[in-house]
Amino acid sequence: MTQELIIDLKANGQDFEWYPTTQDMISTVAGKLLNLYGDGFSLLDIGAGDGRVLKGISDAHKHRREGRGEEVAGGCRFQYAIEKSPILIQAMPDDVTIVGTDFMQQTLIDKKVDVIFCNPPYSAFEEWAVRIIKEANCRDIFLIIPQRWKDSGRIADALGKRKATAKVLRSADFSDAERQARAKVDIIH
């Protein structure tokens with residue numbers, strides 16, 4: 001993401017509290033996915049921004065296979081996105097399929113994928129996390145959310161209803177990110 005893109009988003013009223021996932025965060029998720037799924041999985045990024053997470057995970061998958069001397073056409077099998085900003089949709093890689101534009105207007109049960117990833121707006125992280133945990137039609141969920149998620153009874157209740165546990169893969173922040181923020185977050189699986 002460039003400063004020009006942020007300026008363009010702000011000028012067009014499309015800056016929806018977007019804090020781009022850092023390369024270190026992407027690497028953490030990609031490493032876990034490659035260990036879980038090996039050579040193929042489908043991925044839905046909710047609030048996908050410019051598609052950097054989808055591209056980063058696909059590139060990590062591709063690099064791993066190339067390292068084994070295999071011919072590779074692409075990364076993960078299928079890449080899907082829900083993204084509200086037309087400017088960010090235009091910035092996404094061509095191999096990403098847009099399956100929705102407004103998360104709050106989407107159903108998730110009809111979007112069967114192996115993995116859902118989301119780095120939601122932090123002002124509404126609890127609402128987004130609860131919806132994803134309750135409604136997702138997938139095997140694995142990865143969230144990057146403020147560390148205060150641990151105090152959320154609603155998130156704990158959603159995890160209980162899904163008979164799931166949350167594991168913190170790593171804690172991080174955006175102090176050295178392209179778009180800096182004070183938020184302290186956990187990368188959760």
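**Notes on helix α5, its salt bridges and a pocket**

1. Let's start with Arg131, which sits in helix α5. Keep in mind that this is a predicted model. Arg131 counts as buried, at 14% relative accessibility. Leaving aside residues up to four places away in sequence, Arg131 touches Phe103, Met104, Gln106, Thr107, Leu108 and Ala136. So we have a charged residue that falls under the 20% limit for buried, with its relative accessibility at 14%.

2. What does Arg131 pair with? Its salt-bridge partner is Glu135, and the closest N and O atoms are 3.1 Å apart. The two residues are four apart in helix α5, so about one helical turn separates them. Their surroundings are worth a look too: Glu135 is partly exposed at 30% relative accessibility, while Arg131 is buried at 14%. As general background, side chains of opposite charge can pair when their charged atoms come close.

3. Now the rest of that helix. α5 covers residues 125-135, and its buried residues are Phe125, Trp128, Ala129, Val130, Arg131, Ile132 and Ile133. Arg131 is therefore on the buried list, its relative accessibility being 14%. Which elements do the buried residues of α5 pack against? They pack against three strands, namely β1 (42-46), β4 (115-118) and β5 (140-146), and against helix α6 (153-162).

4. On to the other salt bridges. Searching the whole structure turns up seven of them. One is between the side chains of Asp186 and Lys150, at 3.3 Å from N to O. This pair ties together distant parts of the chain: Asp186 belongs to strand β7 (residues 181-188), Lys150 lies in the loop between β5 and α6, and 36 residues separate them. Is each partner buried or exposed? Asp186 is buried, with a relative accessible area of 0%, whereas Lys150 is exposed at 52%.

5. Another salt bridge joins the side chains of Asp110 and Lys111, with 3.1 Å between N and O. Here the acid is the exposed partner, as Asp110 has 52% relative accessibility. Lys111, on the other hand, counts as buried at 13%. If you compare this with the previous point, Asp186 was the buried one and Lys150 the exposed one.

6. A quick word on cysteines. How many disulfides does the model have? The count comes to zero. For reference, a disulfide is a covalent bond between the sulfur atoms of two cysteines. Cys118 is buried, with a relative accessible area of 0%, and Cys138 is buried as well, with 12%.

7. Last item: the second largest pocket. It holds about 220 Å³ of space. Of the 15 residues lining this pocket, Ile141, Leu159, Ala164, Thr165 and His189 are the closest to its centre. Which elements supply at least two residues each of the lining? They are β5 and α6, and β5 gives the most, with four residues. By type, the lining divides into 10 nonpolar, two polar and three charged residues. To link this back to point 3, β5 and α6 are also among the elements that the buried residues of α5 pack against.

Technical notes:
Residues are numbered from 1 along each chain as its sequence is written. This is a predicted model: local features need pLDDT of at least 70, side-chain atom pairs count only at pLDDT 80 or more; totals for chains, interfaces and linings use all residues. Side-chain values use heavy atoms; hydrogens and water are left out. Buried means under 20% relative accessible area, exposed over 50%, partly exposed in between (1.4 Å probe, protein chains only). Contact means heavy atoms within 4.5 Å. A disulfide is a pair of cysteine sulfur atoms within 2.5 Å. On a 1 Å grid over the protein atoms alone, a cavity is a set of points where a 1.4 Å probe fits but cannot get out, and a pocket is an open set with protein on both sides within 12 Å along at least five of seven lines; lining residues have an atom within 4 Å of a point. Grid points are joined across faces, edges and corners, and a volume is the space filled by probe spheres set on the points. A salt bridge is a side-chain nitrogen of Lys or Arg within 4 Å of a carboxyl oxygen of Asp or Glu.
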